[in-house]
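Reader: I am new to this structure and would like to understand the words used for it. Could we go through them one at a time, with the reasoning set out?

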Amino acid sequence: MSLSTLWIGLRALHFLSVLLLAGSAFYTALLAPRRYRPMLSQRLALLLRTSALLSLFSALLMLATQTGLMSGDWRNVSDSATWQAVLSTRFGRVWRWEIAFALLSTLALLRGTLRQNLLLCSGLLQLVALAGVGHAAMRDGWPGLLQQGNHALHLIAAAFWAGGLLPLLLLMREARQIAFRTDAIRCMMRFSRYGHLAVALALLTGIINSVLIAGSPLHWQATLWSELLVVKVLLVMLMIAIALTNRYLLVPRFRLAASNAAHLFIRLTQLELLLAIIVIGLVSVFATLSPA
């Protein structure tokens with residue numbers, strides 16, 4: 001496996017783990033009713049623990065891989081001078097913070113009353129740091145800060161939406177238990193309510209980011225970057241169609257006798273989650289390409 005291929009795979013793994021971490025922590029720190037948060041934290045403990053550890057593991061490996069890519073030889077990964085040179089670059093300076101925030105997420109796994117809030121904050125900080133590398137970091141000064149701020153909002157909105165899908169599936173199972181039914185349903189309804197805003201924000205910031213990177217779509221060249229972006233947009237639109245179908249066609253039918261609406265809701269949400277993973281993979285590929 002080449003370092004470039006390894007980089008793309010690690011980038012996808014890191015994005016996915018951070019999105020799942022932040023998306024899950026939104027539930028346990030904010031969306032769940034206060035009395036239900038300790039119980040939901042236990043239910044999502046494995047997901048939170050795995051995503052936090054994977055975010056740290058992938059961040060460290062990404063730094064090592066970038067060291068090999070920048071030096072042109074993977075054997076330089078063991079050279080301290082090469083590491084210092086990479087850490088002095090823009091990527092290196094930003095990635096120090098990414099690793100620090102990922103480490104903070106793993107430390108937040110320790111028991112404590114503020115653990116869920118700390119997990120959410122550290123996950124969001126990782127997303128903000130991610131906006132400091134890649135195409136979003138192509139400008140300097142105030143234009144660069146505005147572009148990175150827009151991209152950070154895009155990632156946070158995507159984390160709430162796509163990162164919240166797997167916990168949503170777990171909550172559907174929780175809602176079958178009488179003891180937790182009311183709180184689980186209330187939690188899901190809050191996700192649905194604020195999910196509308198998250199989807200709208202993800203679309204708006206995504207459009208702005210694409211224009212800032214490549215200019216008006218009317219002037220885009222037929223490159224692999226633009227083609228993959230079109231595929232991404234189509235997949236996202238399909239995800240939105242699934243979300244609207246779930247919310248406005250299936251949810252109102254949950255209480256109907258002999259209805260399979262809940263089963264179909266779960267299957268469509270699983271499909272939406274699969275599409276989100278594919279989108280993350282696409283982003284990890286065309287983030288390494290030039291728009292021109």
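Author: Let us begin with a definition: a residue is called buried under 20% relative accessible area, exposed over 50%, and partly exposed in between. The model shown is a predicted one.

Reader: Why is phenylalanine 57 called partly exposed?

Author: Phenylalanine 57, which is placed in helix H3 (residues 45-71), has a relative accessible area of 48%. Since partly exposed is the word for values between 20% and 50%, phenylalanine 57 is therefore partly exposed.

Reader: Which residues make the nonpolar surface patch?

Author: The patch, of about 240 Å², is made by Leu54, Phe57 and Leu61. Patch residues must have over 30% relative accessible area, and the 48% of phenylalanine 57 can be set against that cut-off.

Reader: What makes arginine 35 and aspartate 183 a salt bridge?

Author: The cut-off is a side-chain nitrogen of Lys or Arg within 4 Å of a carboxyl oxygen of Asp or Glu, and in this pair the closest N and O atoms are 3.1 Å apart, so the definition is met. The pair links distant parts of the chain, 148 residues apart, with arginine 35 in the loop between helix H1 (3-31) and helix H2 (37-43) and aspartate 183 in helix H9 (residues 181-214).

Reader: Are these two partners, arginine 35 and aspartate 183, buried or exposed?

Author: Arginine 35 has a relative accessible area of 63% and is therefore exposed, whereas aspartate 183, at 8%, counts as buried.

Reader: How do you know that glutamate 174 and arginine 43 meet in a salt bridge?

Author: Their side chains come to 2.7 Å, N to O, which is to be set against the limit of 4 Å. Glutamate 174 lies in helix H8 (residues 165-174) and arginine 43 in helix H2, so this salt bridge ties together parts that are 131 residues apart in sequence. Glutamate 174, with a relative accessible area of 3%, is buried, while arginine 43, at 36%, counts as partly exposed.

Reader: How many salt bridges does a search of the whole structure find?

Author: The search finds 3 salt bridges, one of which joins the side chains of aspartate 140 and arginine 90 at 3.7 Å, N to O. That pair spans 50 residues, from arginine 90 in helix H5 (residues 90-107) to aspartate 140 in the loop between helix H6 (115-130) and helix H7 (141-161).

Reader: Why does aspartate 140 count as exposed?

Author: Its relative accessibility is 60%, and the word exposed applies over 50%, so aspartate 140 counts as exposed. Arginine 90, with a relative accessible area of 33%, is partly exposed.

Conventions. Residues are numbered from 1 along each chain as its sequence is written. This is a predicted model: local features need pLDDT of at least 70, side-chain atom pairs count only at pLDDT 80 or more; totals for chains, interfaces and linings use all residues. Side-chain values use heavy atoms; hydrogens and water are left out. Patches are made of residues with over 30% relative accessible area and no salt bridge: like charges are joined within 9 Å, nonpolar side chains (Val, Leu, Ile, Met, Phe, Trp, Tyr) within 5 Å. Accessible areas come from the Shrake-Rupley method with a 1.4 Å probe; for residues, only the protein chains shown count as cover. Helices (H or I, at least four residues) and strands (E, at least two) are DSSP runs, numbered from the N terminus. Buried means under 20% relative accessible area, exposed over 50%, partly exposed in between (1.4 Å probe, protein chains only).
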